[in-house]
Amino acid sequence: MFARRRFAVLKDLLEYVGIEPGRLHFSWISSAEAAKFQETVLAVTEAVKALGPAKHMIKDIRKVA
Amino acid sequence: MSTTQEIAAQIREAAKRLLSEGKVDCVIGFAQGTVPMREYPYFAYTPEEAENLTWSRFCCNNLSNFLVRRPKGQADKVAIVAQGCVSRNIVGLIKENQITREQVYILGVASPGMVDRNKVQALFPLKTITEVTEDGDELIVKGLGFEERVPTKKVLRQNCYTCVMRNPVIKDEMIGEESAPTHGGNIDKVAAPWEKLAPEERWAAFQETFKDCIRCYACRDACPLCYCHVCFVDEARPQWCGKTQDEADVATFHILRAFHCAGRCTDCGACESACPVGIKMRKLTSMIEKDIRELYGYTPGMDLESQPPLSVYKPNDPQEFIK
Amino acid sequence: MSEKAEFQPRIAAFLCNWCSYGAADLAGVSRLQYPPNIHVIRIPCTGRMSPKFILQAFRQGIDGVWVSG
Amino acid sequence: MADKILAKDKLGEFLGQLKKDRQVFGPQAVEGKAQWAPLQAEKDLLWEFSNTHLSPKDFFFPQTECMMRFVNQASDEQGMIMQAEPELKQARALVNIRPCDAKAMQVLDLIFVQDQMTDDFYWRDKRDKTLLVGLACNDPCPTCFCTSMNCGPHSSTGLDALLVDLGDKLLLRTLTDKAQALAEGLPEAAKADLAQAAGLKKAAEESITSRVGMDQVNAREVMDLYEAGLWDRVQESCLNCGTCTYCCPTCHCFDIQDEVQGTIGRRVRNWDNCMSWLFTVHGTGHNPRGTKKDRVRQRFMHKFKYIPMKRGGEIGCVGCGRCVQLCPVNIDVRRVVNDMNA
């Protein structure tokens, strides 16, 4: 419940700086909801797949500094 | 409305009185700096030292910062000169149990709105400014080979235009009279400037804003919210934020610093005033505070009673983003 | 097959020990199939979740982050 | 050593000659500030400016510098063998560097390249391949105090050549063999030109009114200065940020880290500063410079006491005044040194 407020702000902040909305997902799934778990994995994977590989925030040490 | 010079004289009188009566051990205020437009935090321990105190539109540091950073221990009683934002930060520090109300004596001042030295310098590109003085509603800017008058209203710090509380919210004594609470600007209209951009343009705008960052952490160290003994950038095991100039490292620092101020930032502008390369980090913090206002209806530091927004919850908090 | 369709994202899934992690376990014993793109990280509670974890995941090149309580 | 005259309309040729086998950088107006940038056109080069906003030390000592790379896998043939980063490929020239910044590079030479055992390859490589063409200051700022710091507005230490703006033309003074070729074909300076340059030098030196005394700092014992009461006042307003050290041309502390991602890794060095709590903290958690006061004191003691003692009177400060201008709480180095000198 406290975390919910933190996540709300963080998600808005990351979207604000340009991380695509579909890269970050939150869900509530109880330990009895195996079906919801399966659905959510599918949904998350599809959303991220549609966006393609991550472009921002990547620390790449191969780059010449 | 008193001029800042008159306020300065009254601050000196009050400081001398408090120190000679032994009511406080130290008065934290400003003294005149050695370069134009840079008054510096000054600690007066004796009535004689109190003579050095001043007040002007160039007092850009947030003095409440020094309440938690004082090395002498926090037991002794100090008086502090506080305008609206500083008093709001004192409220925040009390709520976060960093200081107690009893150990600070607040000399409240109505904020005249502080001058952004970068804006003044930008009016005279590449020129050397040698002296800036206040004259009513104008600044007299002298430099090598020029002297000009600039209306103060044009060169205030961006956060001062949209100030929501110029008067101290808590005080033990008021210096001068209270002013109108706001400067007239509406923070919600200018906060979060990148929200207007398309999502794919935002990262470039973010990078452009922070491209000059030299990782000196002046923004963090000038901020009264950043009192952690070990900041996350200094944590080594595990290391959350690399020390390089890689854009991911710079971005990590600024995103997390802004996030740590969520629901606490009073928009005092000390971070932007401290930055040696003129980065506008309020583009991040203003978005978070706007978000907090919209989601939880909270403005930090306005009173001693309300609970910090990220330390409480309501069962019906917004959660559309959660599947 | 186009290149886009072949892209297999890597997703960090931060799952609460008591809720979603249990659901994942139940999904397993129930023989429910789901894509193998998620890398599960068990956390003791969603309250343990820190923004640092999310940023760290992105810094290490992850394509998506999923936090589930 | 030669004194030549460079007509201002010949400047293009002069820069063209520099550009032939070098990448040329110069101070330019970027976002209203004088900043170092690659020089594209002659007109971009600044002549009327006090000094660049930040120091040019990062040309030789970048804020982040990869030193070597490795494969973090013992089974790999190249596993755990450090591969040095390549040297600087192209020679460079910095035009219109101020004499104080050039002096700073000479001071840093003493620290980075001392003897066989202390020979910083990364620094030396970049220094050897860079030509410094200075521009004498005719209008110093109020925050300059170079004349008190073994330097001056027309100082030539550390430079390969010095330009003096004589109004309608430039005086080119070559100082090292590297710069000899630049002077070829240029007319000799007349006596009147040299006299004018000397006059400008005198006027510039006299216009620097900030004076800092070092005689008592040199005379006092280390422990006497170390335990002096002044540090209690100096540290009060300090924020312990790194602004002063990062804008400083002579601050040179760094931190070396290994960054590893999966099977690859690199060793990088980054600027670090004595104001940071992390700078001296030990693995045990003990911190020999545990308080703000310790850290503030270190910066001034290092520059004005330890370096002069160890390096035969050289000072770890050149009086450029950047920290005076940029310190968020106006800790004025001139005032601190004068207090130390009391």
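Q: When do two residues count as being in contact?
A: Two residues are in contact if their C-beta atoms, placed from the backbone, lie within 7 Å. The model is predicted, so local features need pLDDT of at least 70 and side-chain atom pairs count only at pLDDT 80 or more, while totals for chains, interfaces and linings use all residues. Residues are numbered from 1 along each chain as its sequence is written, and chains are lettered from A and ligands numbered from 1 in the order in which they are written.

Q: How many residues does each chain give to the contact of chain A with chain C?
A: Chain A gives 33 residues and chain C gives 35. Start with the chain A side. Helix H1 (2-16), strand S1 (24-27) and helix H2 (34-51) of chain A each supply at least two residues there. Helices (H or I, at least four residues) and strands (E, at least two) are DSSP runs, numbered from the N terminus. H2(A) gives the most to this side, with 12 residues.

Q: Which classes of residue make up the side of chain A that touches chain C?
A: Here is the sorting rule. Ala, Val, Leu, Ile, Met, Phe, Trp, Tyr, Cys and Pro are nonpolar; Asp, Glu, Lys and Arg are charged; the others, Gly among them, are polar. This side has 20 nonpolar, eight polar and five charged residues.

Q: What does chain D give to the contact with chain A?
A: Chain D gives eight residues, and chain A gives four. Strands S4 (64-71), S10 (254-261) and S11 (264-271) of chain D each supply at least two residues of the chain D side. By class, that side has three nonpolar, two polar and three charged residues.

Q: Which strands form the open sheet, and in what order?
A: Two strands pair if DSSP finds at least two bridges between them. Here four strands form an open sheet, ordered S1(A)-S3(C)-S1(C)-S2(C), with parallel pairing. S1 of chain A and strand S2 (38-43) of chain C stand at the edges. Each has a single partner strand, so one side of each is left without a neighbour in the sheet. From one strand to the next, the twist averages 20 degrees.

Q: How many bridges join S1(A) to S3 of chain C?
A: Four bridges join S1(A) to strand S3 (residues 64-68) of chain C, in the parallel sense. A:Phe26 stands opposite C:Val67. Strand S1 (residues 11-16) of chain C also pairs with S3(C), parallel, over five bridges. There, C:Ala13 has C:Trp66 as its bridge partner.

Q: Which strands does H2(A) touch where it packs on the sheet?
A: H2(A) touches S1 of chain A together with S1, S2 and S3 of chain C. The direction of H2(A) makes about 155 degrees with that of S3(C). H3(C) lies across S1 of chain A together with S1 and S3 of chain C, also at about 155 degrees to S3(C). Axes are lines fitted to C-alpha atoms, for helices over the stretch in contact, and angles run from 0 to 180 degrees between N-to-C directions.

Q: How are two packed helices described?
A: Give the angle between their axes and the distance between the axes. Take helix H9 (residues 247-260) of chain B and helix H3 (residues 51-59) of chain C: the angle is about 165 degrees, and the axes are 11 Å apart. That makes H9(B) roughly antiparallel to H3(C). Angles under 35 degrees count as roughly parallel, over 145 as roughly antiparallel, 65 to 115 as roughly perpendicular and the rest as oblique. Among the residues in contact are B:Ile255 and B:Phe259 of H9(B), and C:Leu55 and C:Arg59 of H3(C). The contact residues divide into six nonpolar, one polar and two charged.

Q: At what angle do H2(A) and H2 of chain C cross?
A: H2(A) and helix H2 (residues 20-29) of chain C cross at roughly 95 degrees, and their axes come within 8 Å. The two helices are therefore roughly perpendicular. A:Phe37 of H2(A) and C:Ala24 of H2(C) are among the contact residues. By class, this contact has six nonpolar, two polar and one charged residues.

Q: Is B:Gly84 buried or exposed?
A: A residue is buried if 20 or more other C-beta atoms lie within 10 Å of its own, exposed if 12 or fewer, and partly exposed in between; C-beta atoms are placed from the backbone. B:Gly84 has 27 within 10 Å, so it is buried. B:Gly84 is in helix H3 (residues 84-95) of chain B. Its C-alpha atom is 4.4 Å from that of B:Arg166, 82 residues apart along the chain. B:Gly84 also touches residues including B:Ser111 and B:Cys163.

Notes: Lists of a residue's contacts leave out its neighbours within four places in sequence.
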